[in-house]
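Me: I would like a close look at one part of this protein. Please start with a loop, then work inward and show me how the rest fits around it.

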Amino acid sequence: MASAHFGVTLPQIKRSWQETRAAALEYEQLGFDSLWFNDHLYGIPAPQLPILEGWTALSAVGALTTRAQLGLLVSPVGFRNPALLAKMVATLDHITAGRVIVGLGGGWFQMEFAGYGFDFPSLPVRLQQLDEAAALMRQMWSEPAASFAGRHFTIDSVFCEPKPVRRPPILIGGGGEKVLLRLAAKHADIWNNLAVHQAELGAKIERLHAHCRGLDRDPASLTVSQQCMVVIGDSEADAAAKVAKAQQVFGGHLGSGIAGTAAQCAEKIRQHLALGCTMFVIEFFGRDPREPARLFAEQVMPAFR
């Protein structure tokens, strides 16, 4: 059976730092490959919900853990000057001995941009910014004194020392087939499919690979990741009850998730692997997500190691 990378999201919205810390330590002990926050400044779906800022929290988790890779799914380029973000990444990569994955995207939640005083240009402009940011950051991590002159971002002989422990992998998240997937083919080490597009994964992989071929890139050099919710039960009855509750909370968004008993969840994962998706960034359903994570780690993950 093919191997798979299993990442897991950490408690971040309406949760205390103590809950987040406990989950991070347990998930790493359970064997999850990566730990993730989102990069929102307002709670989702309601802006008044308390939420931990992602890069600050990720740095704390990085100092607590020793093995799991770490990332944000994903950072809107418009939140931070990309040169500053490249420096932040390089620093955190040293704190974590080379475990940072850099998730980038265009951003979509206009209310938080406006609330924090950030510009929120049109989608085409935000994608242009994403294109430039990815190129600029890679230069800063590899060149002694990087210079970049774009339409949106400029650096002039900038020093980023110390360089990262490794050139951090870039993950680009999103589903736009004409522009976003082409940017992933151009810049990314990992493309992440949004949970809302999970049912379209196969078609989007085909489009992604077409962009790779158009850029003379080997499609096999680009990892495919799926953001997903996992609802798992220890019996068919338990799984059915939890799925029903999750559907009440999330509605149709759960339809193409990974749900059921351990055996049923494993079969869904095999279907993703058959399409070429080898990485999963999982949100576990439950007030204490550590409980379903334990069941998944014990009964599902061993089949893919």
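**From a loop to the core**

Reply: Start at Pro45, which sits in the loop between strand S2 (34-37) and H2. Keep in mind that this is a predicted model. The peptide bond from Ile44 to Pro45 is cis, and its omega is near 10°.

There is a cis bond between Leu73 and Val74 as well, with omega about -15°. Val74 belongs to the loop between strand S3 (69-72) and strand S4 (75-76).

Go back to H2. This helix covers residues 54-64, and Ser59 is part of it. Is Ser59 buried or exposed? Neither label fits: its relative accessibility is 28%, so Ser59 counts as partly exposed. Buried would need under 20%, and exposed would need over 50%. Val89 is 30 residues from Ser59 along the chain, and their C-alpha atoms are 9.6 Å apart.

Two other residues deserve a look for their backbone angles. Ser157 is not a glycine, yet its phi is positive, about 50°. It is found in strand S7 (residues 154-158). Ser157 has 38% relative accessibility, so it counts as partly exposed. Asp216 is not a glycine either, and its phi is positive too, about 55°. Asp216 is in the loop between H7 and strand S10 (223-232). With 75% relative accessibility, Asp216 counts as exposed.

Now move inward. Which residues touch the most other members of the largest nonpolar core? They are Phe6, Phe32 and Phe296, in a core of 76 residues. Helix H5 (residues 123-142) gives the most to this core: eight residues. A second core lies apart from it. That one has eight residues, including Trp36, Ile101, Leu171 and Val281. In soluble globular proteins, nonpolar side chains tend to be buried together.

Take Phe296 by itself. Leaving out residues up to four places away in sequence, Phe296 touches Phe6, Phe32, Val230, Ile232, Ile269, Ile282, Phe284 and Met301. Two of the names in that list, Phe6 and Phe32, you have already met as core members.

Helix H6 (residues 180-187) is mostly covered. Six of its eight residues are buried. Those are Leu180, Leu181, Leu183, Ala184, Ala185 and His187. What do they pack against? Their partners are H5, strand S8 (170-173), strand S9 (190-193) and helix H7 (201-214). H5 appears here again, after its eight residues in the largest core.

Finally, step back to the whole protein. Its secondary structure comes to 10 helices and 12 strands. The radius of gyration is 19 Å, close to the 19 Å that the globule rule gives for 305 residues, so the protein is as compact as a globular protein of that length. Along the principal axes, the C-alpha atoms fill a box of roughly 60 × 45 × 35 Å. Buried residues make up 51% of the 305.

Consider contacts between residues at least 6 apart in sequence. Of these, 71% join residues at least 24 apart. On the outside, the protein exposes about 13400 Å², and carbon and sulfur atoms supply 54% of that area. The charges come to 28 positive and 28 negative side chains. The centres of these two sets lie 1 Å apart.

Terms used:
Residues numbered from 1 in each chain as written. Predicted model: local features only at pLDDT ≥ 70, side-chain atom pairs only at ≥ 80, totals over all residues. Heavy atoms only, no water. Helix = DSSP H or I, 4+ residues; strand = E, 2+ residues; numbered from the N terminus. Rg over C-alpha atoms; globule rule 2.2 N^0.38 Å. Buried < 20%, exposed > 50% of the residue type's maximum accessible area, 1.4 Å probe, protein only. Contact = heavy atoms within 4.5 Å. Areas by Shrake-Rupley, 256 points an atom, 1.4 Å probe, with all protein chains shown as cover. Lys, Arg positive; Asp, Glu negative; His and termini not counted. Charge placed at Lys NZ, Arg CZ, Asp CG, Glu CD. Core = buried A, V, L, I, M, F, W, Y, C linked by side-chain atoms within 4.5 Å.
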